[in-house]
Amino acid sequence: MKNTAHPHISGKALVVGGGIGGIQCALDLADTGFYVYLLEKSASVGGTMARLDKTFPTNDCSTCMISPKLVQVARHRNIEILTLSRLAALNGEPGNFRVQIEKQPRYVDQEKCIACGACAQKCPQKVPDPFNGGLSMRKAAYLTFPQAVPLKYAIDAQNCLYLTRGKCGLCRRICPTRAIAYDQQPETLELTVGAVVLCTGFELALTRQNGEYGYDRYRNVVSSLQYERMLSATGPYGGHVRRPSDGRTPHRVAWIQCVLSRDPSRNRPFCSAVCCMHAAKQAVLTRQHDPDSQATIYFMDVRAHGKGFDDYIERARAHYGVHYKRSMISQVYLEPDSEALIIETFDHHLNRKVEETYDLVVLSSGFKPSEAFGDLAKRLEIDTNPYGFALTDFQHPVHTSRPGVFVCGATETPKDIPETVIQAGAAAAEAAALVHPARHRDVTSETTPPERALDAEPRIGVFVCHCGSNIAGVVDIEKTVAYAKTLPHVAYADHFLFSCSNDTLQKMEALIRDKRLNRIVVAACSPRTHEPLFQSVLQKAGVNPYLFELASIRDQCS
Amino acid sequence: MDLIRASTARAARLEALSDHTYSVTKTGLVIGAGIAGMTAALALADQGFAVHLVEKEGSLGGFANNLTGTLEGNSPVALVHALAERIKTHRNVHLHLGSQLVAHRGHMGAFAGAIRTTSGEEAIQYGAVVVATGGSAYTPTEYLYGRDERVVTQVELSRRLQTDLDWARGLRQVVMIQCVGSRNEAFPFCSRVCCSAAVKNALLLKELNPGINLVVLYRDVRTFAFKELYYLKARRRGVLFFRYIPQAPPEVHRENGTLVVDFTDRSSHQDFGIQLDLLVLSAGIRPNAGSAQIADLLKLPTTEEGFFLEAHVKLRPVEMATAGIFIAGLAHSPRFIEETLTMAKSAAQQAAKILCRGQMTTSAAVAEVDEQKCTACLVCVRVCPFGAPYIGDEGVSCIPPSACMGCGICTAECPAGAITLKHSTDDQITAKIDALLENP
């Protein structure tokens, strides 16, 4: 496409949306010499992928897949994450856009917060947790999820007693670093960027209006995302699937496919592309969690059109015993005493209608573009299709109707994680083609101090991490630190609440210099998560980064 | 405590190591000039990088040249023309038609190879590779294909619908069979595009002759996302869709010169026989024959069916496990044109991460050969999954630090114990184990 960019091209880009699409696009741009503002409307990046348990077709743990990317994005010198923010206005031309960002207050000072959790512990106000689909409560002072990026608490302004009624204020009193800041105000930021990428993702189309399925009325009818949270270890029931009505394990679970998809009567005639696969995955996981369970999927067509997908469905059927019944269910009945659900279907072998009873029913709801996108599309004058998804061009599949504004992920069409990651790369390529004359120009770079001369004898520093309560809840930290001091060559031992937090890393750097430590052992999570992080601390302190060892006491002990 | 004791024992024996730095060749290599290859090449060229685009045929466009139109009414041929024009005139693209890559070695950022062109062999240097060797249509052997001119594939029908409208209008009874050469024992994957192709042609036929009797025999209709709207339209226009039983698929035979198809409808368990004018087979997609040669040359893994196997399905869908090599288009898996274009740009962007740098560093935790001990037995050369070791001029194994991924396999396998893995040396490991098993 002809480069119609303004001669003064900005080497910065704006990525709107911090889900997997936005994260991947930000990384693909920042790693090729551009500065990226990553905008996210909630308090943490991660999007829907952070809410999933396992992902098809490999059954990889979703958080394990996204965490390394979250860490990369958090640490990247050239990615600036702006949470609680939205794009208010876009003016200018491709290559030289002026954007206006509206940032809502977090009411917590990010520089001071060490994510200790004391505010949430003391907070008296409970609200249904949207992350868990309302199946559990969280406090008004909260962390979106345990691996949130940025790992900083936030205060829910709508529900905070102090902010709404001037009462309470307990969190401010209890915070050990005085990070609570009730007086924070909304901010408006004016930025200049060369390209914009929209990755605002999707939401489920299911609402209380869909009464015929009993959603939000019958307690044991849940949405696909609610069920996903039930399956998750960080979910409302600690990874155990339970009936919301009585807390017991459901033995008979049914999935109803194409709820609000392929449904012309609701003006939602299109297909949401991924529900066939995620239902199969949820059914397989259910059978794994409880071998006595019965998993049944009611479907119209099995859309397993991706690489390895048909194989997955076959294994679900043959190996895991998931029952597939071809029947479009349009209504769910309640058995009031047990709160079981009754599904009426046609049995092809008996050649008549039958009623089948289930303890729990999962609705595989269709997708719609994220609520905020409708507004955004209007303000930016982006063309959408009749169902609100961004329209693109056949020859330029990630271009929106507005030059210099690109799109990726479910904002364009419902799609799965691999296709989203691929599209994010393509959007980055288009943005890069636009602003490439400014490559490397608007990025920040860091100089590493030279390595200093070390003592000949090893002087080992041992840092034991609490990891909040993940390690401290099981391991006696004091005793461990005392023990470490007795080991040969150990010159210093200490402990930290969260070794990976910024202020701890700064402390570590200072200690390495002051105590002339020339080898570091951090007893914490795993090298997979934070080894490069700790190695960079060593480098900043003038120590060779290979003189580092991580003892995985979280993974192996607690 | 045991873990910490073990860790401190190793820490005491750690050595300071330096990362290795080398210069990056800021040129890309794209193998295959179909729409995936052309798009990847342009994506790199538009960002200011030089690109070698190597195509074994004498012309550009690959399989897309056989396609007449998409379900949504777009033109693949117009796309091919648009891409070809840009390729031929882009100053950053070095196009090599009628050429093949015949040699390849090196590592990410610094590859060296040779292409055999119509005028001899040319040595080239490149920092990253995008494999876009493409795909082609399965040629059916079932359902009397090739033995009766009334049996055609969707691609053949599409072409005939462009040139022979009178013939098309004269058709009275047409049957389409889905999943031909897909979702079976030999090729268990779904070819993704065929349901849409059938719906597209069904709508075209209905447009030409609303009175036509059109039956589609399918297993699942996979018109996902907004393609569903066209499926809905086809049903509303009176196209009949019947589910067949995969274990008892439709049968085609001739009865007094008339073509007949018999099948059992899976929903009603009723048997049907239809006399037809035309039988259209939705034949699947296969990776191109040439991909095997590239897989061999670049040491890339493939699936059983011959598609290239990416590094990670979710996190790295366009990357190969070997650093610096990327994949796009049908060479990876069956996909629609827009999906191929997207994938090609994405692969190019991953390649750009390498090409945009002046230098690269590699981890110092790499394998080192003690030349005194090496007997050139070739074990390391054979076991390395990344093709790093080679026997150098001195007659002993050389492992370039930038090619080594530090996996340690050669270190463990070397019968002479000549290889050390830096940062995981024997004394570091044994100290750790001894400390772990000590009684405190």
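**Close-up views of a predicted two-chain model**

**Figure 1. Chain B in outline.** Chain B contains 12 helices and 24 strands. The model shown here and in the following figures is predicted. The C-alpha trace of chain B extends over about 85 × 60 × 35 Å along its principal axes. Chain B has 440 residues, of which 47% count as buried. When contacts in chain B between residues at least 6 apart in sequence are considered, 69% of them link residues at least 24 apart.

**Figure 2. The side of chain B that touches chain A.** Here 55 residues of chain B are in contact with 65 residues of chain A. Four helices of chain B, namely helix 1 (2-12), helix 3 (76-89), helix 7 (228-236) and helix 9 (337-355), each contribute at least two residues to the side that touches chain A. Helix 9 of chain B gives the most to this side, with 11 residues. Sorted by class, the side of chain B that touches chain A comprises 30 nonpolar, 12 polar and 13 charged residues.

**Figure 3. The largest nonpolar core and the surroundings of A:Val197.** The largest nonpolar core has 191 residues, and the members that touch the most others are A:Val197, B:Ala40 and B:Phe326. Helix 10 of chain A (residues 417-435) provides the largest share of this core, 13 residues. Leaving out residues up to four places away in sequence, A:Val197 touches A:Ala13, A:Val15, A:Val16 and A:Cys25. Under the same condition, the residues touched by A:Val197 also include A:Phe406, A:Val407, A:Cys408, A:Ala427 and A:Ala431.

**Figure 4. Another nonpolar core.** Apart from the largest core lies another core, of 60 residues. Its members include A:Leu206, A:Val241, A:Ala273 and A:Tyr358.

**Figure 5. A:Val73 and its contacts.** A:Val73 is part of helix 2 of chain A, which covers residues 62-75. Why does A:Val73 count as buried? A residue is buried if 20 or more other C-beta atoms lie within 10 Å of its own; A:Val73 is therefore buried, because 23 other C-beta atoms lie within 10 Å. Neighbours within four places in sequence aside, A:Val73 is in contact with A:Ile23, A:Ala26, A:Leu27, A:Leu38, A:Val45, A:Ile79, A:Ile81 and A:Val149. A:Met137 lies 64 residues from A:Val73 along the chain, and the C-alpha atoms of these two residues are separated by 29 Å.

Notes
Residues are numbered from 1 along each chain as its sequence is written. Chains are lettered from A and ligands numbered from 1 in the order in which they are written. This is a predicted model: local features need pLDDT of at least 70, side-chain atom pairs count only at pLDDT 80 or more; totals for chains, interfaces and linings use all residues. A nonpolar core is a set of buried Ala, Val, Leu, Ile, Met, Phe, Trp, Tyr and Cys residues joined through C-beta atoms within 7 Å. A residue is buried if 20 or more other C-beta atoms lie within 10 Å of its own, exposed if 12 or fewer, and partly exposed in between; C-beta atoms are placed from the backbone. Two residues are in contact if their C-beta atoms, placed from the backbone, lie within 7 Å. Ala, Val, Leu, Ile, Met, Phe, Trp, Tyr, Cys and Pro count as nonpolar, Asp, Glu, Lys and Arg as charged, and the others, Gly among them, as polar.
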